[in-house]
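Okay, thanks everyone. Let me put today's chain up on the screen and walk you through it.

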Amino acid sequence: MAKRAVKVKKASSSVKRSIQPKGKAKKPRVAKAPVVRRYKCLYCNYVYSPLRGEPHNGIPEGTEFDDLPDTYVCPICGYQGKGKIGTWGFEEWKPTKYICSMCGYIYDEVRGEPHHGIKPGTKFDDLPDDYRCPVCALDPKIMKFFGKVLKQGFDAIDVV
């Protein structure tokens, strides 16, 4: 159905309004969150994420990998005595599996969720912001105590 233009008299001026047909409400456009670039140490598999930073090493959350100081050392390799593995020992890492922090459900991009209308190969970042954990959504105790477990309740994991 097409929009209809209706003329409405208001005081001394006429104003045109468009009326949406019933049943076809416009969905508000939601801005997608920026893609987070994570980096993995080639020696110990430690993952640096700008979402958390390294506050214990004086690197605040939100610090991009490219903005790390020249003196940066992998916290795991340095602690284990493997040597001073700097930023040169890291490569960009793109996770494909994400775990629900409440129930442990794993969303796998390769598998998707066909029963919920999410096709195989759908990236986690491409899921809508109102995506809910399918396991937590079915558990009334989790819903009662924690509410809806949305996309923000998932963490990237390094599982092959």
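So, how many helices and strands does the secondary structure of the chain come to? Two helices and eight strands, where helices (H or I, at least four residues) and strands (E, at least two) are DSSP runs, numbered from the N terminus. Before I go on, this is a predicted model: local features need pLDDT of at least 70, side-chain atom pairs count only at pLDDT 80 or more, and totals for chains, interfaces and linings use all residues. Numbering starts from 1 along each chain as its sequence is written, and side-chain values use heavy atoms, with hydrogens and water left out.

Reading along the sequence, you get β-β-β-β-α-β-β-β-α-β.

Now the sheet I want to show you. It's an open one with three strands, in the order E7-E6-E8, and the pairing is antiparallel; two strands pair if DSSP finds at least two bridges between them. At the edges sit E7 (106-108) and E8 (154-157), each pairing on one side only. From one strand to the next, the twist averages 30 degrees, with axes being lines fitted to C-alpha atoms and angles running from 0 to 180 degrees between N-to-C directions.

Look at E6, residues 97-100: four bridges join this strand to E8, antiparallel. Tyrosine 98, for instance, has alanine 156 in E8 as its bridge partner.

Back to the whole chain. Of its 160 residues, 31% are buried, meaning under 20% relative accessible area with a 1.4 Å probe, protein chains only. And for contacts (heavy atoms within 4.5 Å), among those between residues at least 6 apart in sequence, 43% join residues at least 24 apart.

Terms used:
Buried means under 20% relative accessible area, exposed over 50%, partly exposed in between (1.4 Å probe, protein chains only).
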